[in-house]
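Here is a short set of exercises to work through with the model open beside you. Each task is followed by a solution that goes step by step.

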Amino acid sequence: MADIITVDRDDVLLKKEGFDDHFHDHHHEDKYKSNFISHYIFSMDHKMIARQFLITGMLWAIIGAGMSIIFRLQLGFPDESLAWLKPLLGKWITINTETGMGSLQPEFYYALVTMHGTIIVFFVLTAGLSGTFSNLLIPLQLGARDMASPFLNMLSYWFFFMASVVMFYSLFLSTGPFSGGWTAYPPLSALPQASMGSGTGMTLWTISLVLFVVSVLLGGINYITTVLNLRTKGMTFWRMPLTIWAFFVTAILGLLSFPVLASGFFLLMCDRGLGTSFYLSEIFIQGSALDFAGGSPVLYQHLFWFLGHPEVYIIILPAMGLVSEVMAVHARKPIFGYKFMVYSILAIGFLSFIVWAHHMFMSGVNPFISNFFVVFTLIIAVPSAIKVFNWIATLYKGDLRLNTPMLFSIGFVSMFISGGLTGVFLGNSAIDIQQHDTYFVVAHFHIVMGIAAFFGMFAGVYHWYPKMFGRFMNETLGKIHFWATLIGAYAIFWPMHYLGLAGVPRRYYRFDSFDAFGSFGEMNMFITIAAIVVFFAQLLMVINFFYSMYYGKKMTTKNPWGATTLEWTTPIKAGHGNWPGKLPTVHRWPYDYGKDGKDFISQLEPMAEGETEAH
Amino acid sequence: MADITLKSHRSSRVHPQKFALWAAMASITMMFASLSSAYIVRQAAGNWLEFQLPSAFYISTIIILLSSMTLHKSYTSFINGQERPYKLYLVVSFFLGLGFVVSQYIGWQNLYSLGIDLKGNPSGSFLYVMTFIHVVHVLGGIACLLTAMFHAFALKFKVTERRKHRFELVNHYWHYVDLLWVYLLIFLLFS
């Protein structure tokens, strides 16, 4: 039987309309794939770097989530023996010689909580999410050969890797990792003698995060430059997919806020090592008075949250971009209100810089200044609500394909609404008097930027997995993963709102010894069980991920989802440089679904006679 | 192979590397903006020692402004194909750059002899920290000047687009750290 050769319309268009940059005249590809090390390890190909970020992020996610299971066990079952964890945790489990009861050391409980926060916020949801998808999609969706500087891009990953190594090493210190909370407020972070983790643990934490800041800055400079400079012919700003808009604004936020964290850390290091008093005032500790005079820990909080608040948008904006794109593709409809989506991203980006003090209402900030921050915090609800409205309107009367990426996108919207609404409560400085530092806050931010961002990331992973590995992930496992995570996540965090309203404080090691909170024992037990179930559901995803890499259903066509964007016009196994021949030329916006009776029209397709551009 | 992207279609007339440098400058600016605002907040909280800036800082200002001028002269000589002044002014700029660092160091010593210690009142600590971070960025600039000198003396003199572009990057960064110092001096004088 003769082979049937099908010619893709994409290939015809690429040949006919494409932009010739004479890429194929130079034999870059061969040089690139010359050996294992330059291809898989010190790779400068953005697609490989994206996968490196993703897999490193996944390893950290397992560690970070595993830590939460250990401290949830402590909270849910304070009277059960944890002796079985001794082989894993060693001296951090003390065993009562008479009863044989093993209990978690309180110091280590704090270390676990601190590391859980640091790892998930920075290593998983910043590097693992925006690092992965900015790298993968910016060049592919813009029609560029690679990032503006592939070398800086490689450095960006390896700085992240070094940060990871240092942080991982700190987990095994005899004094334990840093334990003063992921925000590292002084004096716990500034005085090495303040607690066990404040010594070497904190030193390594700072080194790790400085390396991480370098990684984010190198990546961000690259993403911004690529978006501004290397868009292919015809790719105007208003023809960029929403993913790119989101990554672009995310990179700007990172570029402008991480240096502030760096200077905050620099002053912190001076306090720790050189005896300055930026953050430390008169302190009496371990039987002696220290020399520090006149410093203010609130100053650190200002510098930290000037990064810290944009940071939550650095986490959520990429997820929003991924969800918008995945949703339009699988609803077979243009995204509703494209321009408003873009303006909302820009508005959120701008507002994120002038709301930081809402993390400090109860830190002794002038209440009149608080009012300013209340107003801007509540205004963020406007662009957020516009986005939510547009997502729902995109779904309305859509020809929905309820596959795993789509389910996670819809789940994202659900989580974002649930978590966002409680943000309106907490943004009021008066209500915050009662709610601050309670489980209400824990519930709020886990749903709105933790689970929601994970949902966006999962939508992205399931959707672009074929682009990354040339195979599909298993749908059945994916759907089990989705439902277990959706129901499980609500089961974990919904009850925490009630705990918070009842005034149950965060960060406590156990509650049964307090009369006021003793009655919540069963609720804590329920939350812990839900957390364990959700944790194992994530392992299912990890298995699916690695299994599908080798045994998943093979991708046979270039554009399996019927998407309009450029990444699906590259070969199934795209080499370095992405397009083997000419670069694509763009003729329309990325959301022409169901237009003029056609299912979808690729961005490559020139405008027909008399056709007007949508949006 | 690292510059394959530079052959791609460009949507902007600005060279991507130059744009990346500007982005990096924005980032450095944010760092000093945050230190300045921390300074203002801490100053407003009271218990703040007022003192005079050492005269060495003014000398530093003259040195670094001069270095910017000589570097610009070197650049214009380069594009006009004048080899000797290009090399001469480049070397002069480099030594003026070193002179700035030395002068800053003398300034710190003067401060210390006046009793302004890093460990003492936060007004002193802020001064040392801000000027130190600035000097670190100047050292980065001096490293760039060294590279430029290497190009000037090791390569055969030829005015090419590529070398012009590289030299421009060095120029932009050096003028930037110069302006940054002028900003810092004005800030420290009047805040």
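Helices (H or I, at least four residues) and strands (E, at least two) are DSSP runs, numbered from the N terminus. The model is predicted, and local features need pLDDT of at least 70, side-chain atom pairs count only at pLDDT 80 or more, while totals for chains, interfaces and linings use all residues. Residues are numbered from 1 along each chain as its sequence is written, and chains are lettered from A and ligands numbered from 1 in the order in which they are written.

**Exercise 1. Follow the first helix of chain B**

Task: Describe helix α1 of chain B, what its buried residues pack against, and what comes just after it.

Solution:
- Start with the chain. Chain B holds five helices and zero strands, and its C-alpha atoms fill a box of roughly 55 × 35 × 25 Å along the principal axes.
- Next, check the span. Helix α1(B) covers residues 16-44, and its 29 residues reach 42 Å from first C-alpha to last, close to the 42 Å expected. The expected span is 1.5 Å times one less than the number of residues.
- Now list the buried side. A residue is buried if 20 or more other C-beta atoms, placed from the backbone, lie within 10 Å of its own, exposed if 12 or fewer, and partly exposed in between. Among the buried residues of α1(B) are Ala20(B), Ala23(B), Ser27(B), Met30(B), Met31(B), Ser34(B) and Leu35(B).
- A reminder helps with this spacing: an α-helix has 3.6 residues a turn, so residues three or four places apart point the same way.
- Then look for partners. The buried residues of α1(B) pack against α8 (200-229), α9 (242-274) and α10 (297-331) of chain A, together with α4 (122-154) of chain B.
- Finish past the helix end. Just after α1(B), Gly46(B) takes a positive phi of about 90°.

**Exercise 2. Place a loop residue**

Task: Is Leu118(B) buried, exposed or partly exposed, and which residues does Leu118(B) touch?

Solution:
- Locate it. Leu118(B) sits in the loop between α3 (83-113) and α4 of chain B.
- Count neighbours. Leu118(B) is partly exposed because it has 17 C-beta neighbours inside 10 Å.
- Find contacts (C-beta atoms, placed from the backbone, within 7 Å). Leaving out residues up to four places away in sequence, Leu118(B) touches Leu274(A) and Thr276(A), as well as Gly124(B), Ser125(B) and Tyr128(B).
- Compare distances. Leu88(B) is 30 residues from Leu118(B) in sequence and 39 Å away in space, C-alpha to C-alpha.

**Exercise 3. Take stock of the interface**

Task: How many residues does each chain bring to the contact, and which helix of chain A gives the most?

Solution:
- Chain A brings 50 residues and chain B brings 34.
- On the side of chain A that touches chain B, α9(A) gives the most, with 10 residues.
- That side of chain A divides into 29 nonpolar, 15 polar and six charged residues. Here Ala, Val, Leu, Ile, Met, Phe, Trp, Tyr, Cys and Pro count as nonpolar, Asp, Glu, Lys and Arg as charged, and the others, Gly among them, as polar.

**Exercise 4. Compare burial**

Task: What share of each chain is buried?

Solution:
- For chain B, 34% of the 191 residues count as buried.
- For chain A, buried residues make up 55% of the 615 residues.
- To round off the picture, chain A has 18 helices and four strands, and its C-alpha trace spans about 85 × 55 × 50 Å along the principal axes.

Note on methods: Two residues are in contact if their C-beta atoms, placed from the backbone, lie within 7 Å.
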